[in-house]
Protein chains: 2
Amino acid sequence: MDPTRAFVKSVRRVVVKVGTAVVTRSDGRLALGRLGALCEQLKELNNKGYEVILVTSGAVGLGRQRLRYRRLANSSFSDLQKPQGELDGKACAAVGQSSLMALYDIMFSQLDVTSSQLLVNDGFFRDAAFRKQLSDTVNSLLDLRVIPIFNENDAVSTRKAPYEDSSGIFWDNDSLAGLLALELKADLLVLLSDVEGLYSGPPSDPKSKLIHTYVKEKHQREITFGDKSRLGRGGMTAKVNAAVCAAYAGTPVIITSGYATDNIIRVLQGERIGTVFHKDAHLWTSIKEVSAHEMAVAARDSSRRLQVLNSEERRKILLAMAEALENSESMIRLENGADVAEAEEAGYEKSLISRLTLRPEKISGLVKSIRMLADMEEPIGQILKRTELADKLILEKISCPLGVVLVIFESRPDALVQIAALAIRSGNGLLLKGGKEAKRSNAILHKVITSAIPDTVGDKLIGLVTSREDIPDLLKLDDVIDLVVPRGSNKLVSQIKDSTKIPVLGHADGICHVYVDKTANINMAKQIVRDAKTDYAAACNAMETLLVHIDLSRNGGLDELVAELQHQGVQIYGGPRASALLNISETNSFHQEYSSLACTVEIVDNVYAAIDHIHQHGSAHTDCIVTEDSEVAETFLGQVDSAAVFHNASTRFCDGARFGLGAEVGISTSRIHARGPVGVEGLLTNRWILRGNGQVVNGDRGITYTHKELPIKA
Amino acid sequence: MDPTRAFVKSVRRVVVKVGTAVVTRSDGRLALGRLGALCEQLKELNNKGYEVILVTSGAVGLGRQRLRYRRLANSSFSDLQKPQGELDGKACAAVGQSSLMALYDIMFSQLDVTSSQLLVNDGFFRDAAFRKQLSDTVNSLLDLRVIPIFNENDAVSTRKAPYEDSSGIFWDNDSLAGLLALELKADLLVLLSDVEGLYSGPPSDPKSKLIHTYVKEKHQREITFGDKSRLGRGGMTAKVNAAVCAAYAGTPVIITSGYATDNIIRVLQGERIGTVFHKDAHLWTSIKEVSAHEMAVAARDSSRRLQVLNSEERRKILLAMAEALENSESMIRLENGADVAEAEEAGYEKSLISRLTLRPEKISGLVKSIRMLADMEEPIGQILKRTELADKLILEKISCPLGVVLVIFESRPDALVQIAALAIRSGNGLLLKGGKEAKRSNAILHKVITSAIPDTVGDKLIGLVTSREDIPDLLKLDDVIDLVVPRGSNKLVSQIKDSTKIPVLGHADGICHVYVDKTANINMAKQIVRDAKTDYAAACNAMETLLVHIDLSRNGGLDELVAELQHQGVQIYGGPRASALLNISETNSFHQEYSSLACTVEIVDNVYAAIDHIHQHGSAHTDCIVTEDSEVAETFLGQVDSAAVFHNASTRFCDGARFGLGAEVGISTSRIHARGPVGVEGLLTNRWILRGNGQVVNGDRGITYTHKELPIKA
């Protein structure tokens, strides 16, 4: 649950207010779909034991509709030709209120809920006896699980117009709802609006951001309101006034959209939707309100300062980082130990705890790899291509950082250090979000690492995102964040791909194949197959499917391979052909990532059939051929369209460290930008630099293009 | 409007059927929100002059709820301890029907619509007099704009259970709706379901695809139904049976989701949602049902065959393509002339017509550039990096095609030829969607080009998408399409980015700056500024903002620059400083792409201020400095973080052809994959090839990594 919404856990009594813009359609008639969804939600809350009070607008508009129709029905033809006067507002209210209540009554009855009507005037509230009586009545109704439905008693009110002659007690249904929330000691007031909540500017302006938590000190001046809502008396200004009043008097308020069919339920589940008003909000903000956007912008600004440094200065930051890690080892192990102890207590799996634990050799390994990165050739500003476009007009394509990278990783705190080192080497800003089980480890590592960043760059270069709830906000920032790297389960990667426009680098599936050709050295094949499946069965580069040439099923080769795997405790499933032949159970699907000591075996007729199988069922991660026939090997290497294709070597080699890339950001099966294991290069892009002495295009007249490739070293 | 939905234009009488799964919530109570939205939609149709007939389920479930409650209220404590028998279904129907109708009545009344109830039994339909009477009654109601609401008269039906004793006339509300649609001569039957329509497999399986148009001959065998819907008698099998029956007897049917609040309206606007059943559907399919998915898969298969060819064979395809273009010039100009004539008649802008027209020199230019591409060094299979990982374990990083690229372009038919040539050169499959104004030109060019593709590859390598409605389907195929390139307006690019998970290459804004430093040669500056703004003002690489060093405002340089622009007819807007100084009108925003003879001028204090301005307000497309001070120039070139940064040369040089890249796919301001003008290289990615002799990882024990970089030429 979002920490700014934790208070909803203790909510028991809730006031919900719906305004005219929610209750009414654009044609002035009732929005029956939205009203229905409102009743369904209130019924659900009532069932769950919440005490629900509704404040509803909409009666006057509804009455106006009815009376217009009535006037038409009463009219003679000559009446209709006369100009039609405005309908009396009080009359509209009288007609509309009974009509509205009849609808609520039948809707709630359908849901086995009893509702009741309470019409109040503002003057009443001056009278203490009235307030006491009202409170008692509402309590009696709520005890019987009846929903009280409030509205201003407009029909018999003597106020002339809203605002003009306000008594200062309440002047519209927003302020009535606020007043009732306080009088009836509600734990929460939900104001349903026609927009998602309070925005920093007019909601129609794409630059306006939804404010999740209203802080009076901060937002009172900043916010510019758009036009008042078309319908109803309230609008957002009125809602914010009512919300601030109620919140600072003790009842928290959430403004959210009444257009969605489940927002009230979501609010009470603690989801971060809408805008919350709470008297303690200013206390939360030190943790929260460095908003995702500010964090990303700060990382970008710092990354630009990092790029301005020369290569030696960036190298020194990495060396300082390595030293800081060494010097802080005991502190890091202390914090990591606390995470590990908590994870053990919570009964996490052994493999997770092993990934979580920062043993001394892991830390020294990290230090070593940072020093290796420091000594690597400068990757930024490399000239990739140099062309003379025309006389004295020289074009260069040079490498440069991507900008800001968001990395979301699970459990391994060492990933934080690796990725941070890669980011500094490649001149990028970084936002990191680690798993909650490594919370303390990540915090100390982040502190140690950023201590090595000089003030000229600023430690906001590497931001540590601490709240899960910030992720959706970050994923929206496609104008500031350039790449997202999710390192974790298939589910995490898919979810992130589904919810952002920012390019995502990663792999969802790792369905790797080993194809053993008829010409294979069978001992080598056994060795490779064993390693590919059992060296680390849960890895994404582990073998999931073994394809075997048909001839090997006749000369005993297949049996040897299967026996080797079974000897290692691997559970074997067959494709249709293999399962018939070997009498083993058949797999459900060839597109199967076991991630454990299990694999699929199938028989294929030749290398082309193997290639087709891989294209049809694989995930284009890593695939391997075992053969002594180099022609067959080259066919396989040339045609298999995967990020990594191997001949006579285990699929487990597909890894940044084993590939000699230094640290690894992740492995990509995307075809765009970076593919396979991704190191520093994957965090770089390029720019085009053109140096001339006054050349202009002028319709391409008067310039003679030479387009001569020049040597890269100037 | 989608051609498969064109028939809805002539629909006047429509039968809508809602089943229990739509009308009821998961807890068995009425789904008031959905019912409300249903009534709102029917009211809207009624208003628009449609004749609306509703067939509704839900009464039995509703009655069961009510009777349970009734039984509870009637019970003594000892009654409650006895086991509770099942409630009588007929009794439930009797109670539920009146309750359901009461709700419809009040909902429709709120919308000023009158509804009516018609309960029928299946036996009645044997009687011709009954059928005539029913039809007369419904006609009378519809004449009065009253909505007839049908249900089976379950309470007094003698049928024992659905299916078991079916009379064969109707047996559930789906078949009743189909029967009524025919009896009442409806023009359309809409069956509302709890899923989007008919899928090729169980809707929960992500591989199942929504079938837009049901073709009996094709789909009858293919489709595998999932479990029957949990609620109601019908389920999808029943719906399809009813739909096939009605459609082939003359009333078209659309199955769509009743969960959305506006699907009935959308169906009647001809949107391609849900599944349509129409007796003529098999006639449409020759045009339509090469589905987007099949097209993309065919392009991918062909691209794999293209990759298998050797370099010389691919070169020959390009040469054949160039020749085919030359030989077909007169035919191409004929078809293009027809497009141009039509565009002129439709009163399109001159600039569009100029882009549309294929003059002889444009065609010969295309032929020339294809021949240039043919003679280019082979881009596929280039070794980019070569590393010895360990003894006899050699890793290569090689270039390879992306896979399948979808290009969406407007008006310029020559783009089709350029992009197709690039795709063949780079071994990619291609899907092309051109503007409708170039329909005939694109069709002939596509035909001519694909005629040059040998049968071993297949002409489906390059697919021409002819219907706009296919675009949303194509954008969903992130498993088959690897890159989308929209070439057109900012709006087009943004829309596409918003609606796909496939990486998008393109630029939305082109806000290019020229910064004139105090040390600039002012004549050179005038020349560059004039060219950058006026060579082609609507181009994305045209200057939009001129930044001028403060010193030039004191020595007359600024005045000269402004005069030069004004002399060319450029409308000048100032930033706050420039507008005060020059007494010109102030711009609304620095983030302004005029795309016409207009620009913003602002004064900055120095090169750093210029860089900050560009970072804050630019779009990272192309920015230029004019200066004689090489140190200042290098600061600008080094720090401005745009795709292209120029010194003393016009921004208009930022272009694939001028950069010597041959043809151009587009210009990218994305930081991922390809940046700036994109030629062949932007259609390539890489693979890792590892050649060993049996090496395994085995926990990295027993292997000695050398990680030695090897020369690229083996």
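These are short legends for several views of a predicted model.

Residues are numbered from 1 along each chain as its sequence is written, while chains get letters from A and ligands get numbers from 1 in written order. Because the model is predicted, local features need pLDDT of at least 70 and side-chain atom pairs count only at pLDDT 80 or more, though totals for chains, interfaces and linings use all residues.

**View 1. Chain A as a whole.** Chain A holds 25 helices and 24 strands; these are DSSP runs numbered from the N terminus, with helices being H or I of at least four residues and strands E of at least two. The C-alpha trace spans about 100 × 75 × 65 Å along its principal axes. Its radius of gyration is 34 Å, where a compact globule of 714 residues would come in near 27 Å (taken over C-alpha atoms; the globule rule is 2.2 Å times the number of residues to the power 0.38).

**View 2. Two chains, one rotation.** Turn chain A by 180 degrees, shift by 0.3 Å along the axis, and it superposes on chain B with an RMSD of 0.5 Å. That is the relation of a two-fold axis. The fit is by least squares on C-alpha atoms of residues with pLDDT of at least 70 in both copies.

**View 3. Helix α22 of chain A.** Which residues of α22(A) are buried? In this helix, residues 557-567, they are L558(A), L561(A), V562(A) and L565(A). Down the helix axis they fall within an arc of 95 degrees, so they line one face; the arc is that of the directions from the axis to the C-beta atoms. Buried means 20 or more other C-beta atoms, placed from the backbone, within 10 Å of a residue's own. The partners of that face in chain A include β15 (512-516), α21 (522-534) and β18 (598-604). After the helix comes G569(A), with a positive phi near 85 degrees.

**View 4. Helix α6 of chain A.** The 16 residues of α6, 128-143, should span 22 Å at 1.5 Å a residue, and the end C-alpha atoms are indeed 22 Å apart. The expected span is 1.5 Å times one less than the number of residues. R145(A) follows, with a positive phi near 60 degrees.

**View 5. Around L430 in the core.** Of the 261 residues in the largest nonpolar core, L430(A) and L430(B) touch the most other members. Such a core is a set of buried Ala, Val, Leu, Ile, Met, Phe, Trp, Tyr and Cys residues joined through C-beta atoms within 7 Å.

Note on methods. Buried ≥ 20, exposed ≤ 12 C-beta atoms within 10 Å, placed from the backbone. Contact = placed C-beta atoms within 7 Å.
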